[in-house]
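Colleague: Could you take a close look at one part of this model for me and walk me through how it fits in with what surrounds it? I'm happy with a long answer.

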Amino acid sequence: MKGLIVLANGFEDTEALTTIDILSRAKIDLDKVNMENSKEVITQYQNVLLVPLKYDEINEDNYDFLIIPGGKAVKEKLYNDKRLEKLVKKYVSEQKLICAICAGPMVIGKHGYFADKKFTCFSDCEKGISGTYTNEGVTVSGNFITAKSMAYTIEFALEIVKKLLGKETMEKVKKSIYSL
């Protein structure tokens with residue numbers, strides 16, 4: 001099982017990095033890819049991250065799930081990225097897991113993919129998206145996992161672990177980070 005997290009300059013630090021961390025703890029293979037033509041990506045709060053892959057270097061068929069973090073990168077870069085639009089459409093048609101947090105669900109919702117689903121996202125990002133907006137911290141609906149904001153990143157990542165590897169593995173990871 002292998003996933004893909006898409007990054008672009010301005011992605012929300014915690015939403016991406018905490019999700020990467022928690023999935024790594026669960027031993028889930030996750031490729032980080034920069035949607036821009038660089039091996040460096042700058043976070044929303046001006047941290048520089050080395051990213052091993054540019055989007056044009058990946059094979060979309062090699063991945064089982066997709067993660068779209070939020071931040072200003074969504075509105076400035078990802079929302080209108082035709083490559084990401086094509087990837088989301090492909091994964092929806094193949095019923096692969098698609099996870100998005102904060103503004104990230106806008107990339108999915110703008111094409112009507114939540115029409116018969118529940119979803120959540122950052123306040124006001126739900127405008128123009130068909131579907132049932134829950135306003136919950138994290139919402140799981142079919143092959144979608146969505147989260148409202150950075151404050152729910154740990155819950156979001158744990159839901160991804162649960163969906164991919166089951167509740168037992170999710171509980172082990174949860175215990176390791178909370179010292180339960």
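Modeller: Gladly! Let's begin with a charged pair: Lys-96 and Glu-94 form a salt bridge, with their closest N and O atoms 3.4 Å apart. A salt bridge here is a side-chain nitrogen of Lys or Arg within 4 Å of a carboxyl oxygen of Asp or Glu. This is a predicted model, so local features need pLDDT of at least 70 and side-chain atom pairs count only at pLDDT 80 or more, while totals for chains, interfaces and linings use all residues. Residues are numbered from 1 along each chain as its sequence is written, and side-chain values use heavy atoms, with hydrogens and water left out.

Lys-96 is buried, at 15% relative accessible area, whereas Glu-94 is partly exposed, at 38%. Buried means under 20% relative accessible area, exposed over 50%, and partly exposed in between, with a 1.4 Å probe and protein chains only. The two residues also belong to a network of salt bridges that links Asp-61, Lys-90, Glu-94 and Lys-96.

Right after Lys-96 comes the part I'd like to dwell on, strand 7 (97-101). Strands (E, at least two residues) and helices (H or I, at least four) are DSSP runs, numbered from the N terminus. Five of the five residues of strand 7 are buried. Leu-97, Cys-99 and Ile-101 point one way, and Ile-98 and Ala-100 point the other. In a regular strand the side chains alternate between the two faces of the sheet.

What lies on either side of strand 7 in the sheet? The open sheet has seven strands in the order 5-2-1-6-7-11-10, with mixed pairing. Strand 5 (53-54) and strand 10 (138-141) are at the edges with a single partner strand each, so one side of each has no neighbour in the sheet. Two strands count as paired if DSSP finds at least two bridges between them.

Strand 6 runs parallel to strand 7, and four bridges join them. Ile-67 has Cys-99 as its bridge partner in strand 7, and Ile-68 stands opposite Ala-100. Strand 7 also pairs in the parallel sense with strand 11 (residues 144-147), again over four bridges. There, the bridge partner of Cys-99 is Ile-145. Cys-99 therefore has a bridge partner in strand 11 as well as one in Ile-67.

Strand 11 is buried too: Phe-144 and Thr-146 point one way, and Ile-145 and Ala-147 the other. Strand 10 joins strand 11 through four bridges, but this pair runs antiparallel. Val-138 is matched with Ala-147 in strand 11. The hairpin of these strands has two residues between them, and Gly-142 takes a positive phi near 60 degrees there.

Now for what packs nearby. Strand 7 is among the elements that cover the buried residues of helix 1; the others include strand 1 (2-7), strand 2 (29-34), strand 6 (65-68), helix 5 (153-165) and helix 6 (167-178). Helix 1 itself has 13 residues (13-25) and reaches 18 Å from its first C-alpha to its last, close to the 18 Å expected at 1.5 Å a residue; that expected span is 1.5 Å times one less than the number of residues. Its buried residues are Asp-13, Glu-15, Ala-16, Thr-19, Ile-20, Ile-22 and Leu-23. After helix 1 comes Lys-27, whose phi is positive, near 65 degrees.

Which residues does Glu-15 touch? Leaving out residues up to four places away in sequence, Glu-15 touches Pro-69, Gly-70, Gly-71, Ile-101, Cys-102, Ser-149, Met-150 and Thr-153, where contact means heavy atoms within 4.5 Å. One of these, Ile-101, is a residue of strand 7. Glu-15 is buried yet has no salt bridge, and the nearest side chain of opposite charge, Lys-148, is 11 Å away; Lys and Arg count as positive and Asp and Glu as negative, with His and the chain ends not counted.

For a contrast in charged pairs, look at helix 6, where Lys-172 and Glu-168 lie four residues apart, about one turn. Their side chains meet in a salt bridge at 3.6 Å, N to O. Lys-172 is exposed at 55%, and Glu-168 is exposed at 59%. The whole structure has 13 salt bridges.
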